[in-house]
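Before turning to single residues, it helps to settle what is meant by a contact between charged side chains. Please keep the view below at hand while reading.

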Amino acid sequence: MNYLIYGLADYVVNLSYGDLSETAVEAGKQVILDSYGNLLFGRYCETSEKILKYAELSDFGMKKEKSACFIGEEEIFTDCETAVFAHTMMARCADLDDGYRHAMGHPGSGLVPLLLTMAQQYQKDGKEMITSVVAAYDIYARLGEAVNPYMYRERGFDATGVCGAVAAAALISKIIGADAEKTKNAMGIASLFTGGLIEYQNDGTSGKIMCGGWAALTGIRAVRLASCGFTGPDAALEGKYGFFQAFKGVSGHCETDYVLSNLGKDFKITDIYFKRHACQRGLHAVLDAILELRESYALTPELVKTIDIRTSSFVHRLSNPFPQTAVGAQASAQFTSAVALKYGRMDSETLIVNSFNDDEIQSLVKRITVTKDDEVEEYLDKNPTHFCAAKVILETYSGSLYQEWVPVPLGDVETPFGWDMLKVKFDQLVAGTPGEKTKNEKYGLLRNLEKVSDISALFRL
């Protein structure tokens, strides 16, 4: 029997830089830049204090492996697992990390910090980094496509952790040059111990920023175990008690026919989306609509009588007018819309936190409703990957009625950012951090990563 995991492992091992399309190379560099910017933001945000406190509690004893380095102004070393876990949490703090809508979840905040640490430890050049991240994103995306949106919507599993662990094992195996058998075993072991639940969305607690890191650690440990001769199941993915049966939705739907389809030709990394708004991706079409109306009609909160957000059940579940935490606010259709209308942006946690005590925001929130709309539901049935789709109907006190329909938010494959917008976003992420003074140098390095032989400069600010 031709088990799927063997096909994926062979692909990971045999993929070379010369096999990559030009668009895959560019996308590889872009996801690294975007996640690096998110990481620098997270390194110096308020949550970083707790992350560094966690790192101080790690057991850094005698190890044969080289010490891993924290990104920062000073040289601070720790063990590999602590550095990776801390950096992955930091890369998720801004809630501006990349995603893949067909698989759902956020591969970049878990895989790219892992890539940076491993590339530094094993002294890999830019071409090797790009090749490794393209391979890892393919593993993530192809597994996620098979089980989503059902795994997420019906079971509450987060692909960031579920698919991320297997992808992390693939990435590390590629970096260290493991053969196909060890790569297959590492991915198989990781598939047995992967997971991640989205219950944190309901109350805004801390699980969101940990999910990618847990996946990365599972990948690290799986690769180490495989290197010692431990084995993973041949039918790790399609087996009777394997990955797919565990994570498919309660509907029993799981599409596995395309896991190996066009592998090595159709690079999934080229379909990654980049985020404009610092909030749950499901809300981005809503906010794009709000900002378009705001700009087109010079709207301010005092002019607005009501806003009706008409959308699918997927976005309707994010109706929460009075969130109690920053994470909760980032998953609130009403709160994020109010912030966007007042400020013309929704791109920072600081803006969210400061808005909790803003009377104008609180008043506006009460005038915003979220409606489950049959037309949007019908559209989503025909276009299931357009899960953000929303129509916003806005009425002013003067009696004017405006509406805006956004099926796909800015930053997706139909509406790509490009390097110029990514540079603007990168500059915004690092503003006010020690990384601001060398932002152009770091951007230039990552924009031309295929020409770089030593990435150590990325760790010193």
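A salt bridge is here a side-chain nitrogen of Lys or Arg that lies within 4 Å of a carboxyl oxygen of Asp or Glu. By that criterion Arg92, Asp95, Asp97, Lys208 and Lys275 are linked in a network of salt bridges, in a model that, it should be said at once, is predicted.

One link of this network joins Asp95 to Lys275, whose closest N and O atoms are 2.9 Å apart. The two partners belong to distant parts of the chain, 180 residues apart, with Asp95 in the loop between helix H4 (80–90) and helix H5 (107–121) and Lys275 in the loop between helix H12 (243–247) and helix H13 (284–297). Asp95 is buried, and Lys275 is buried as well.

What other salt bridges does the structure hold, and how many are there in total? The total is 25, and two further examples both involve helix H2, which covers residues 22–43. In one of them, Lys425 pairs with Asp34, and the closest N and O atoms are 2.9 Å apart. Because Lys425 lies in helix H20 (residues 418–430) whereas Asp34 lies in helix H2, this pair ties together parts that are 391 residues apart in sequence. Lys425 counts as buried, with a relative accessibility of 7%, and Asp34 likewise counts as buried, at 3%.

The other example, between Glu26 and Lys29, has its closest N and O atoms 3.0 Å apart. Here both residues sit in helix H2, and because they are three residues apart, about one helical turn separates them. Glu26 counts as partly exposed, with a relative accessibility of 24%, whereas Lys29, at 2%, counts as buried; the cut-off that divides these two classes is 20% relative accessible area.

With these pairs in place, the chain as a whole can be considered. It contains 21 helices and six strands, and its C-alpha trace spans about 70 × 50 × 40 Å along the principal axes. A compact globule of 461 residues would have a radius of gyration near 23 Å, and the 22 Å of this chain agrees with that expectation. Of the 461 residues, 59% count as buried, and among contacts with a separation of 6 or more, 77% are accounted for by residues 24 or more positions apart. The accessible surface comes to about 18,500 Å², and carbon and sulfur atoms contribute 49% of it. As for charge, the chain carries 46 positive and 60 negative charges, and the mean positions of the two sets are 2 Å apart.

Some points of the backbone also merit a look. Asn148 and Pro149 are joined by a cis peptide bond, with omega of about 10°, and Pro149 lies in the loop between helix H6 (126–147) and helix H7 (150–155). Met104, a residue other than glycine, has a positive phi near 70°; it is found in the loop between H4 and H5, and, with a relative accessible area of 5%, Met104 is buried. Ala298 is not a glycine either, yet has a positive phi of about 50°. Its place is the loop between H13 and strand S3 (304–311), where Ala298 is exposed, with a relative accessible area of 58%.

Key:
Residues numbered from 1 in each chain as written. Predicted model: local features only at pLDDT ≥ 70, side-chain atom pairs only at ≥ 80, totals over all residues. Heavy atoms only, no water. Helix = DSSP H or I, 4+ residues; strand = E, 2+ residues; numbered from the N terminus. Buried < 20%, exposed > 50% of the residue type's maximum accessible area, 1.4 Å probe, protein only. Rg over C-alpha atoms; globule rule 2.2 N^0.38 Å. Contact = heavy atoms within 4.5 Å. Areas by Shrake-Rupley, 256 points an atom, 1.4 Å probe, with all protein chains shown as cover. Lys, Arg positive; Asp, Glu negative; His and termini not counted. Charge placed at Lys NZ, Arg CZ, Asp CG, Glu CD.
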